[in-house]
Every structure is written in structure tokens, then in C-alpha cells.
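Subject: A structure for you to explore

Hello,

Here is the structure I promised you. Please open it beside this email and follow along as you read.

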Amino acid sequence: MKKTLVLTVNGERHELQVSADATLLRVLRDELGLYGTKRGCDTSACGCCTVHVDGNSVYACAVYALSVDGSAVTTIEGLGNGDRLDPLQDAFIRAGAVQCGYCTCGMIMSARELLAGTPKPDEEQIRHAIAGNLCRCTGYTKIVDAIKMAAGS
Ligand code: FES
Ligand code: FES
């Protein structure tokens, strides 16, 4: 049986009928077509599905959509402004922090939460903030460099 879910996603209100076992990840990708949020492990292990719910990072694969009914969700598509990239997106490109790109949206969402609370993080704070986001390609150094660049530190 489906129930009504109301979510504000990237500033836009949505009212959907979803089943009790639908995860937030499934709703974002399969119902709303927001494919920037990636499905990797689907078991809370990789972080590539990271989004913000009411400003806090969560693994969208680990959250039942109905449990966040009424919340404001931000995905990677909600950063930036039109053609203008978020400073983190720009820094990831300039620092060469994107290889296959599969981890990138989750990395940026975790980093965005970090910079919201800690605008000038040191390297330890950066590495702690992205500890739940796995990257199989980069070795992390350029990702850390990109976050420093975006922070101007
Ligand atoms: S897909 Fe959610 S943590 Fe890997
Ligand atoms: S760039 Fe490929 S997993 Fe991070």
C-alpha cells in the first residue's frame, strides 16, 4: 500500500505516492529523475548517495522516504545557480579531483555540509568529513586539495 509523501527537493515541492519500503534514493532517482545522486553499494557503505536532509548529510540509500516526510532535501542538482557552479564543483574540476566521477556528488555534498559549519577547515577536518565517502580512483589527495581550494585555505 502506498502513502503520500511530501518533500521539498532543491526548493521545489513534490507530493508523491510511495511504498513503505521506498528509500529516499529510490524516490530521488526513480520518481524525480535526479540522477546526480548515485546508487553504489545501496547498503550504507560507499557514500555516493549522500544528500542533505534539512541541512544534514545522510546516505539516501539508508533512509526510508516516508521517514523524512515534510523535509527539505538538497541534492547535487540543487547546488550552484543556473550555469554557475557551486565553488566546490568548480574546485573539484580545477583540482583534477574527478576521475570516473561516481563518488563526486557524494563527496561534494559531504564537503558542502562541512564548509557550511566550518568555512576554513584544516586537512584533518576535511578528511574526517569525507571519511564516509569512498573513492576508488583518486587516492583522495586531489579531493582534499579541491575542498581546500573551495574554502580558500
Ligand atoms: S549507495 Fe548509499 S552508501 Fe552506497
Ligand atoms: S573518482 Fe572514481 S570513485 Fe572517485
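Which residues of the largest nonpolar core touch the most other members? They are Ala60, Ile108, Ala111, Ile143 and Ile147, out of the 44 residues that make up this core. Before going further, please keep in mind that this is a predicted model.

Several elements build the core. Strand S1 (2-9), helix H1 (24-31), strand S4, helix H2 (87-94), helix H3 (104-117), helix H4 (123-129) and helix H5 (141-151) each supply at least two of its residues. H3 gives the most, with 7 residues. Because domain 1 (2-78) and domain 2 (87-151) both give residues to this core, it lies between them. As a bit of background, nonpolar side chains in soluble globular proteins tend to be buried together.

Now for the whole chain. The secondary structure comes to 5 helices and 5 strands. If you walk along from the N terminus, you will meet them in the order β-β-α-β-β-β-α-α-α-α. The C-alpha trace spans about 50 × 30 × 25 Å along its principal axes. A compact globule of 153 residues would have a radius of gyration near 15 Å, and the chain agrees with that, since its own value is 15 Å. Of the 153 residues, 41% count as buried. Take the contacts between residues at least 6 apart in sequence: 57% of them join residues at least 24 apart.

How do the two domains meet? The chain is divided into domain 1 (2-78) and domain 2 (87-151), and 21 Å separate their centres, taken over C-alpha atoms. At the place where they touch, 14 residues of domain 1 are in contact with 11 residues of domain 2. On the domain 1 side, strand S3 (50-53) and strand S4 (56-59) each supply at least two residues. The largest share of that side comes from S3, with 3 residues. Sorted by type, the residues on the domain 1 side are 5 nonpolar, 8 polar and 1 charged.

S3 and S4 are worth a look together. These two strands pair in the antiparallel sense, over 4 bridges. One pair to find is valine 53 with its bridge partner in S4, asparagine 56. The two strands form a hairpin with 2 residues between them. In the turn you will find aspartate 54, which has a positive phi of about 50 degrees.

Finally, here are two residues to click on. Leaving aside neighbours within four places in sequence, isoleucine 108 is in contact with Ile76, Leu79, Leu88, Gln89 and Phe92. As you saw above, Ile108 is also among the core residues that touch the most other members.

The second residue is alanine 146, which you will find in helix H5. Is alanine 146 buried or exposed? It is buried, because 28 other C-beta atoms lie within 10 Å and 20 or more are enough to count as buried. With neighbours within four places in sequence left out, alanine 146 is in contact with Ala91, Phe92, Ala95 and Ala97. For a contrast, try drawing a line from alanine 146 to aspartate 30: they are 116 residues apart in sequence and 30 Å apart in space, C-alpha to C-alpha.

Enjoy exploring, and write back with any questions.

Best wishes

Terms used
Residues numbered from 1 in each chain as written. Chains lettered and ligands numbered in written order. Predicted model: local features only at pLDDT ≥ 70, side-chain atom pairs only at ≥ 80, totals over all residues. Rg over C-alpha atoms; globule rule 2.2 N^0.38 Å. Buried ≥ 20, exposed ≤ 12 C-beta atoms within 10 Å, placed from the backbone. Contact = placed C-beta atoms within 7 Å. Domains from an automatic or database assignment. Nonpolar A, V, L, I, M, F, W, Y, C, P; charged D, E, K, R; others polar. Core = buried A, V, L, I, M, F, W, Y, C linked by C-beta atoms within 7 Å. Pairing = 2+ DSSP bridges.
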